[in-house]
Amino acid sequence: AVVSTQSTGNLRTNLPKQLMTFRDLSYDKDIPTFLTHGQVMTYLERYSEKFSIGNLIEFNTPVTSVKPEPSSDPVKWVVSTSKGQKIYDAVAVCSGSFNSPRYPDDIDLNRYS
């Protein structure tokens, strides 16, 4: 799994924590309903530690291609990264639509601070 942790630090989620909870690990009760990036990351780190899945996650690793393995049934996926290739049973595509800012062409950004 490849995870990007880039996010604007002061943003909060637009979904309540109750909708972003795995069945087998609750969020801490003392944190607010709408979470910060850090609170979500802490939760995911706790989950990773509890179920010993940290070794399955590769941080800061761009994916260069995802292709079906033609000889497998059921289908498996060949994932190519800057570190090489691995085969997985399933792939989740998380596009990161807010990863790169987009600005209107006619705005002079130097006017803002």
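Seven residues make up the largest nonpolar core of this predicted model: Leu 25, Tyr 27, Ile 31, Leu 35, Val 40, Tyr 43 and Tyr 47. In soluble globular proteins, nonpolar side chains tend to be buried together. Three members of this core, Tyr 27, Tyr 43 and Tyr 47, also belong to an aromatic cluster with Phe 22 and Phe 51. Across the protein chain, buried residues account for 16% of the 113 residues.

**Overall make-up**

- The protein chain contains one helix and five strands, in the order β-α-β-β-β-β from the N terminus.
- Of the contacts in the protein chain with a separation of 6 or more, 26% are between residues 24 or more positions apart.
- The exposed area of the protein chain is about 9400 Å², and carbon and sulfur atoms contribute 54% of that area.

**Core and the surroundings of Leu 35**

- Leu 35 is one of the seven core residues.
- Beyond its neighbours within four places in sequence, Leu 35 is in contact with Leu 11, Arg 12, Thr 13, Lys 17, Met 20, Tyr 27 and Val 40.
- Among these contacts of Leu 35 are Tyr 27 and Val 40, which are themselves listed in the core.

**Aromatic pairs**

- The model has four aromatic pairs.
- Phe 22 and Tyr 47 form a tilted pair, with 4.4 Å from centre to centre and 40 degrees between the planes.
- Phe 22 sits in the loop between β1 (2-3) and α1 (37-50), while Tyr 47 sits in helix α1, so their pairing ties together parts that are 25 residues apart in sequence.
- The two partners are covered to unlike extents: Phe 22 is partly exposed, at 38% relative accessibility, whereas Tyr 47 is buried, at 16%.
- Tyr 27 and Tyr 43 form a stacked pair, with 3.9 Å between the centres and 20 degrees between the planes.
- This stacked pair also links distant parts of the chain, since Tyr 27 is in the loop between β1 and α1 and Tyr 43 is in helix α1, 16 residues apart.
- Tyr 27 and Tyr 43 are both buried.
- One aromatic cluster takes in Phe 22, Tyr 27, Tyr 43, Tyr 47 and Phe 51.

**Loop between β3 and β4**

- Ser 72 is located in the loop between β3 (63-68) and β4 (77-81).
- A polar atom of the Ser 72 side chain is 3.0 Å from the backbone oxygen of Glu 69.
- The Ser 72 side chain also reaches the backbone oxygen of Pro 74, at 3.5 Å.

**The β4-β5 hairpin and Ser 80**

- Strands β4 and β5 form a hairpin, with two residues between them.
- The two strands run antiparallel, and five bridges join β4 to β5 (residues 84-88).
- Trp 77 has Tyr 88 in β5 as its bridge partner.
- Ser 80 belongs to strand β4 and is buried, with a relative accessible area of 9%.
- The side chains of Ser 80 and Gln 85 make a polar contact at 3.0 Å.
- Leaving out neighbours within four places in sequence, the residues in contact with Ser 80 are Pro 62, Val 63, Thr 64, Ser 65 and Gln 85.

Note on methods
Residues are numbered from 1 along each chain as its sequence is written. This is a predicted model: local features need pLDDT of at least 70, side-chain atom pairs count only at pLDDT 80 or more; totals for chains, interfaces and linings use all residues. Side-chain values use heavy atoms; hydrogens and water are left out. Helices (H or I, at least four residues) and strands (E, at least two) are DSSP runs, numbered from the N terminus. Buried means under 20% relative accessible area, exposed over 50%, partly exposed in between (1.4 Å probe, protein chains only). Contact means heavy atoms within 4.5 Å. Accessible areas come from the Shrake-Rupley method with a 1.4 Å probe; for residues, only the protein chains shown count as cover. A nonpolar core is a set of buried Ala, Val, Leu, Ile, Met, Phe, Trp, Tyr and Cys residues joined through side-chain atoms within 4.5 Å. Rings of Phe, Tyr and Trp (its six-membered ring) pair if their centres lie within 6.5 Å; planes under 30 degrees apart count as stacked, over 60 as edge-to-face and the rest as tilted. A polar contact is a pair of N or O atoms within 3.5 Å; within protein, one must be able to donate a hydrogen and the other to accept it, and residues adjacent in sequence count only if both atoms are side-chain atoms. Two strands pair if DSSP finds at least two bridges between them.
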